[in-house]
Amino acid sequence: MLLNRKILTLDEFTIQQLREFPHATGELSNLLRDLGLAAKRVNVEVNKAGLVDILGDAGSTNVQGEDVKKLDVFANDQFTGVLRHGISCAGIASEELDDYVAFDDAVSRQSKYVCLFDPLDGSGNIDVNVSIGTIFGIYRRVTGKGELASKADFLQAGINQVAAGYIVYGSSTMLVYATRRGVNGFTLDPSIGEFTLSHPDIKCPPSGGIYSVNHGNFFRYEKGVQNYITACQKKDKTSGGPYTQRYIGSMVSDVHRNLIKGGIFMYPGTVDKPKGKLRLLYECNPFAFIVEVAGGKATNGRQRILDIVPTELHQRTPMFIGSREMMDELEQNMTLS
Ligand code: AHM
Ligand code: MG
């Protein structure tokens, strides 16, 4: 059998990269490996989603008499489980849980990192076979080794992230993660069950032709956002004609596409919900980190997302993210209005 010697798995790549960090202990590569493992388990269940009763409430039973869990609860359990049993994570916070969880065992108390995640984002798309994803951000904790993780470990500004990433369960399953050194994408090869490097050193094109926003809310957006959307539609031939509107309703897929092709994603505040829908800590911050490392920008319309100092685990923020030049034009529209 011929072996493709060029294949680099997620684990091989991460160990190679992080070995070059001075003082690296290997804890971060272990953490990323743990997340990759949970992603593979979630992927198996996502692929079966049409076959099982994913809408069953936690606590109900299937025909085999086994517990049926909603897919987002299953995903939350998988990510929490691998991190709890791994050696690198002192605690987690998740969209699925009201409060953070500090892992109270001897190994976890010695761990350097905390992880915040949205285990299954795009929940409205689960039961209709449209791409969904997982989002995660990793921080060095501020509490000391040996101590139990505390809320202060989780309420850090996004700029403090050591690494961040996402998994798209799409036409193929991809894991993309960023450290300050760069953004790299790995596609799951189902034949060997490994994430393999497929998109090395991802850069966000400085401009693009795609804008992604929920148009149904147009009249509820502030004037500057409306003006920018209208400008996207009125682009003339010199700028390549009107931009294309693409909106899946799964931020992971929408931002992933725009990161690769060039574009802008917006989830603005509305008249009724001035802070929008998306959550700062485990939806916006990881993407802001990834897109900035790739050369793009992310703001709440007025302030860089990564500079916002959070006060609550589940706080929301308006979100604008994407190619640098498109973000600049959006900002001009917002300051002029
Ligand atoms: P969720 O965490 O409940 O899945 O909501 C987040 C998702 C994002 O992935 C997506 O961008 C957004 O909700 C879509 O919301 P809307 O349907 O209001 O446009
Ligand atoms: Mg979500």
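Helices (H or I, at least four residues) and strands (E, at least two) are DSSP runs, numbered from the N terminus. The model is predicted: local features need pLDDT of at least 70, side-chain atom pairs count only at pLDDT 80 or more, and totals for chains, interfaces and linings use all residues. Residues are numbered from 1 along each chain as its sequence is written, chains are lettered from A and ligands numbered from 1 in the order in which they are written, and side-chain values use heavy atoms, with hydrogens and water left out.

**Exercise 1. Asn 129 and Asp 201**

Task: Determine where Asn 129 lies and whether Asn 129 is buried or exposed.

Solution. Step 1: Asn 129 sits in the loop between β5 and β6. Step 2: Buried means under 20% relative accessible area, exposed over 50%, and partly exposed in between (1.4 Å probe, protein chains only). Asn 129 has 75% relative accessibility and therefore counts as exposed. Step 3: Most residues other than glycine have a negative phi. Asn 129, although not a glycine, has a positive phi of about 60 degrees. Step 4: Asp 201, also not a glycine, has a positive phi of about 45 degrees. Asp 201 is found in the loop between β10 (194–199) and β11 and is partly exposed, at 42%.

**Exercise 2. Helix α9**

Task: Check the span of helix α9 (residues 324–336) and state which of its residues are buried.

Solution. Step 1: The expected span is 1.5 Å times one less than the number of residues. For the 13 residues of α9 this gives 18 Å, which agrees with the 18 Å between its end C-alpha atoms. Step 2: Met 326, Met 327, Leu 330, Asn 333 and Met 334 are buried in α9. Step 3: These buried residues fall within an arc of 120 degrees seen down the axis, so they line one face of the helix; the arc is that of the directions from the helix axis to the C-beta atoms. Step 4: The face turned away from the buried side carries exposed Thr 335 and Leu 336. Step 5: With contact meaning heavy atoms within 4.5 Å, the partners of the buried residues include α6 (223–233) and β13 (264–267).

**Exercise 3. The two domains**

Task: Describe the contact between domain 1 and domain 2.

Solution. Step 1: The domain assignment, automatic or from a database, gives domain 1 (10–199) and domain 2 (210–336). Step 2: The contact takes 45 residues from domain 1 and 29 residues from domain 2. Step 3: The count of salt bridges between them is zero, where a salt bridge is a side-chain nitrogen of Lys or Arg within 4 Å of a carboxyl oxygen of Asp or Glu.
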